[in-house]
Amino acid sequence: MTGSQRQGQYKVPGGKLVVADLRVDGDALSDISINGDFFLEPDAALADINTALIGLPASTSAAELASAIRAGLRPEATLFGFSPEAVAIAVRRALGKATTWEDHEFDVIEPVSLSALQHVALDEVITRQVGAGERRPTLRFWEWQAPSVVIGSFQSLRNEVDAEAAERFGVTTVRRMSGGGAMFMEPGNAITYSLSVPQTLVNGMSFAESYPFLDAWVMESLERLGIKANYVPLNDIASEQGKIGGAAQKRLSNGGLLHHVTMSYDMDADKLTQVLRIGRKKLSDKGIVSAKKRVDPLRSQTGQSREDIMSTMISTFESRYVTHRAELSAEDIAVADGLIDTKFGTAEWTARVP
């Protein structure tokens with residue numbers, strides 16, 4: 001017996017809308033119509049896509065759906081503004097296997113001044129709770145209590161941080177659970193946020209696709225602030241004037257996904273290059289040699305205060321999605337502090353890659 005009509009939609013970041021209208025007959029896909037504002041040549045290739053999907057089990061993974069579409073397309077087919085993976089995501093959404101932004105309500109937590117250790121621990125605490133369905137997906141902004149370096153999960157401690165310089169400037173070094181590069185932070189010099197969501201939101205997407213998808217609201221925020229920004233694969237946010245910030249992700253086994261971003265507001269390049277070894281090479285490549293030079297893309301390109309920029313980002317997020325203002329609870333902090341004692345604050349973790 002054929003089930004009711006189902007529909008799933010997926011807007012490709014920087015591309016077109018893909019819509020999947022379908023039914024499920026028993027456990028098989030049927031009555032499939034892929035449509036949208038994309039471009040496809042030749043016209044007959046649309047029938048190839050529909051035919052490739054008909055009869056596949058409803059449990060077919062996004063990767064397998066995309067593979068079937070690719071195998072079914074005639075050799076001369078050309079897809080503009082979408083891909084077999086985009087079609088697979090729309091199909092999975094129609095089947096209820098993947099979610100959209102509209103399927104969720106989000107908690108928004110404004111900046112709270114905490115230690116770097118508490119911030120990285122809270123990332124794990126909140127993301128695990130989201131993955132377990134114990135709290136709503138959450139957007140949380142950071143506030144820095146003291147100068148800190150946060151290194152990626154797989155970076156070498158001694159290769160990234162000059163321990164003597166860090167001690168001289170009173171900089172604490174911590175290791176986060178996501179990959180990516182080192183960040184040097186002082187109070188007021190950067191904007192950092194963490195987005196903890198269910199992995200169903202990016203079901204079927206590659207890592208490269210998920211980064212701009214999860215930060216589409218940030219691009220709108222920057223545009224409101226007068227900055228035309230784009231994603232530079234894999235994980236950098238940049239404008240015509242250069243890099244603004246970088247993102248990192250961690251996907252947990254319980255279905256939670258952490259996506260966090262740090263953007264430079266006004267950094268002391270001299271101090272950064274003394275504390276971060278890799279920073280010396282990066283800034284040298286950019287021709288920054290003066291000890292007085294500052295790295296200030298958000299401040300110089302917007303002319304606005306850090307607080308006003310964060311306010312714009314929050315209002316943009318709230319205008320796009322269903323949100324609730326929330327606060328960190330005493331229990332949240334207590335659980336994070338416990339995780340510091342057992343993981344993030346231990347020498348075993350911080351120096352796990354010496």
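**Close-ups of strand β11 and the nonpolar cores**

**View 1. Strand β11, side by side.** In this predicted model, A190, T192, S194, S196 and P198 point one way from β11, while I191, Y193, L195 and V197 go the other way, and all of them are buried. The strand spans residues 190-198 and is mostly covered, with nine of its nine residues buried.

**View 2. β11 and its partner β15.** Here β11 pairs with strand β15, residues 256-264, in the antiparallel sense. How many bridges link β11 and β15? The pairing runs over nine bridges. Look for A190, which stands opposite S264 in β15.

**View 3. β11 and its partner β7.** Strand β7 covers residues 138-144 and also pairs with β11 in the antiparallel sense, over four bridges. A handy spot to pick out is F141, which stands opposite Y193 in β11.

**View 4. The largest nonpolar core.** This one has 67 residues. Which residues have the most contacts inside the core? They are I34, V91 and W217. Helix α3, residues 84-94, supplies the largest share of this core, seven residues.

**View 5. Zooming in on V91.** Leaving aside residues up to four places away in sequence, V91 touches A20, L22 and L29 as well as I34, L53 and L65. I34 turns up again here: like V91, it is among the residues with the most contacts inside the largest nonpolar core.

**View 6. Another core.** Apart from the 67-residue core lies another one, made of 38 residues. Its members include V161, A165, M177 and M185. As background, nonpolar side chains tend to be buried together in soluble globular proteins.

Note on methods:
Residues are numbered from 1 along each chain as its sequence is written. This is a predicted model: local features need pLDDT of at least 70, side-chain atom pairs count only at pLDDT 80 or more; totals for chains, interfaces and linings use all residues. Side-chain values use heavy atoms; hydrogens and water are left out. A nonpolar core is a set of buried Ala, Val, Leu, Ile, Met, Phe, Trp, Tyr and Cys residues joined through side-chain atoms within 4.5 Å. Buried means under 20% relative accessible area, exposed over 50%, partly exposed in between (1.4 Å probe, protein chains only). Helices (H or I, at least four residues) and strands (E, at least two) are DSSP runs, numbered from the N terminus. Contact means heavy atoms within 4.5 Å. Two strands pair if DSSP finds at least two bridges between them.
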